[in-house]
Amino acid sequence: MVSLTSVDFPWLSLLVLMLPLGALLTAMMPAKEARWAALTTALLTLGVTLVILAGFDSQQIGFQFVEKTAWMPSLGIAYFMGVDGLSVLFLPFTALLFVGVILASWNAIRTMPRLYFALLLVLECTMMGIFTSLDTMLFFLFWEMTLLPLFFLISLWGSGANRRYAGVKYSLFMLAGGLPILLGFVLLALHNSTGMSFSYPELLQGSRSKEIQVAVFFLLLVGFGVKIPLFPLHTWLPVVAQEGPATTVALLTGLKVGAYGLLRFGLPLVPEAALEFRWVLVGLGMIGVLYGAVAALSQTSLRRMLAFSSLSHVGLVVLGIAAFSPQGIQGAVFQLLNFTLIAGGLFLLTGFLHQRTGSTELLSLGGVAKSMPVLASLFFFLGLASIGMPATSGFPAEFLLIVSVLETHTGAGLVVLFVVILGAAYFLNFYRKAFLGEARHDIIRDAPDLKQRELGVLLLMGILVLVFGFYPQGMLNITETSSQYWVSLMLPTGSP
């Protein structure tokens, strides 16, 4: 049985409820004060997540800080929340990224700032709900609620001429992806051996026929695959990366909730089907890793290059999950957390560059390092972390993933090793052309470097990248027990 540990104070409810209240307050404040209200709410949220992390027992199997209240008892649906070693670290990392996004948007948002900052807090609420929900319908509610703020953030504050098209395309893709997730959850509840239930722990203990497992496996794979995104369901990503605001793209690339959904729900609830069809996961992961790297190599836009790089890296995460080993799961979670710091930080820096130069196209750049040396240095450092440079947090995560893939799928592991070289090639080649050499345009020669506010949040992200690069065990200790339990669900005793 999955152990459930509750606490006297509802920390998770506080975490989820204070954000919409802060959003309401932000929307009612004068424009100048709205940003301060949003930042205060985000910092308080970060504080609550750190309290939760401090009280978390990493040696305990199961869920902690559990809260459960009947919601629709006739349908077996409850307000059911909790965290384990696979989800607890996402809370402070998510909160930190939102603080960074708010600070990065401080003076950049001049149109409807109250609505913009309020929507950010609503989006943060939905993300926190995704990482803490233990009822599949509650999870689906938060999952679908991300659409509203993201549609308006992309459509109203995007930097491209086709931002409204990008917002509509993203929303249609996510709505289409939500339908198979809903159908999969309903099938799980209706065919649960212990009775109809949407409770994640109860569904884990129940059993289902092979036919139902196969149907649910592919439904959830498609639904979560849209959000991850997996090839060929990725076409919304480069469009949104090019047309949307860099801060919003930082959230989309930094918070891979689709991969989390696959890890949390898409596989453990249908272990027999997942084991039989894990070759599908391996195939999709290999294609994503290779296609993303090759596509990034040919880009002339910094935004699109980073978007395809993200596609390649998340393909490696899928391969690590498909290894069904503790090292693979720990590496996958580690890399997903890295996305928050590294991919999120790179897109924030891209946004700062766009604010100063008006473009992130290669033809409009060159010589950035001379006028903006701090920005260029931080971009180079985070870029090296993204390709797994030793002494950064990218190295232990990629090492765990590569080792786990080589042990279980040697061919896929060799492809990954080749793509590591491609990753260094597309990043260093683009960096050389965009940041080094002589400045080709006056706007770059006269551009100011990072401000203290901008520098502060990026330095904090960079320090964390170094800390977890030199001391990865601090993160691995938290995820170890839950990773081993996850593998035990997928590979019962005697399975290969």
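This is a short tour of a predicted model, moving from an annotated region to a hairpin, a single residue, two cavities and a pocket.

**The annotated region**

Begin by selecting residues 134-419, the range that an unreviewed UniProt entry lists under "domain: NADH:quinone oxidoreductase/Mrp antiporter transmembrane". Colour the selection by secondary structure, and the chain over residues 134-419 should appear as 78% helix and 0% strand, with its end C-alpha atoms 36 Å apart.

**A hairpin of two strands**

Next, select strand S2, residues 63-72, together with strand S3, residues 77-83, which run antiparallel and are joined by 6 bridges. Within this pairing, Thr 69 is a useful residue to label, since Tyr 79 of S3 stands opposite Thr 69. The hairpin has 4 residues between the strands, and if you follow the backbone there you will come to Gly 76, which takes a positive phi near 75 degrees.

**Thr 146, between two helices**

Now move to Thr 146, which is found in the loop between helix H5 (136-145) and helix H6 (147-157). Is Thr 146 buried or exposed? Thr 146 has a relative accessible area of 1%, and because that value is under 20%, the residue counts as buried. To see what surrounds the residue, show Leu 123, Thr 126, Met 127, Ile 130 and Lys 227, which Thr 146 touches when residues up to four places away in sequence are not counted. You may also draw a distance from Thr 146 to Glu 124: the two residues are 22 residues apart along the chain, and their C-alpha atoms are separated by 8.8 Å.

**The largest cavity**

The structure holds 5 cavities of 30 Å³ or more, and the largest cavity has a volume of about 150 Å³. To find the place, select His 313, Phe 339, Ile 342, Ala 343 and Ser 386, which lie nearest the centre of this cavity among the 15 residues that line it. Helix H15 (302-322), helix H16 (326-357) and helix H18 (373-386) are the elements that give two or more residues to this lining, and the largest share, 7 residues, comes from H16. Colouring the lining of the largest cavity by class gives 7 nonpolar and 8 polar residues, with no charged residues.

**The second largest cavity**

Keep His 313 and Ser 386 selected, for both are also in the lining of the second largest cavity, as are Glu 398, Val 416 and Tyr 426, among others. The second largest cavity has a volume of about 120 Å³. Which elements give two or more residues to the lining of the second largest cavity? They are H15 and helix H20 (410-435), and H20 supplies the largest share, with 5 residues. By class, this lining has 7 nonpolar, 4 polar and 1 charged residues.

**The largest pocket**

For the last stop, select Ala 108, Ile 109, Trp 157, Pro 245 and Gln 355, which lie nearest the centre of the largest pocket among its 20 lining residues. About 350 Å³ of space lies in this pocket. Display H6, helix H11 (246-254) and H16 as well, since each of these supplies at least two residues of the pocket lining. H16, already met at the largest cavity, gives the most to the lining of the largest pocket, with 5 residues. A final colouring by class divides the pocket lining into 10 nonpolar, 8 polar and 2 charged residues.

Definitions and conventions
Residues numbered from 1 in each chain as written. Predicted model: local features only at pLDDT ≥ 70, side-chain atom pairs only at ≥ 80, totals over all residues. Heavy atoms only, no water. Buried < 20%, exposed > 50% of the residue type's maximum accessible area, 1.4 Å probe, protein only. Contact = heavy atoms within 4.5 Å. UniProt positions renumbered as here; feature names shortened; annotations may be inferred. 1 Å grid on protein atoms, 1.4 Å probe; cavity = no way out; pocket = protein on both sides within 12 Å on 5 of 7 lines; lining within 4 Å. Points joined across faces, edges and corners; volume = space filled by probe spheres on them. Nonpolar A, V, L, I, M, F, W, Y, C, P; charged D, E, K, R; others polar. Pairing = 2+ DSSP bridges.
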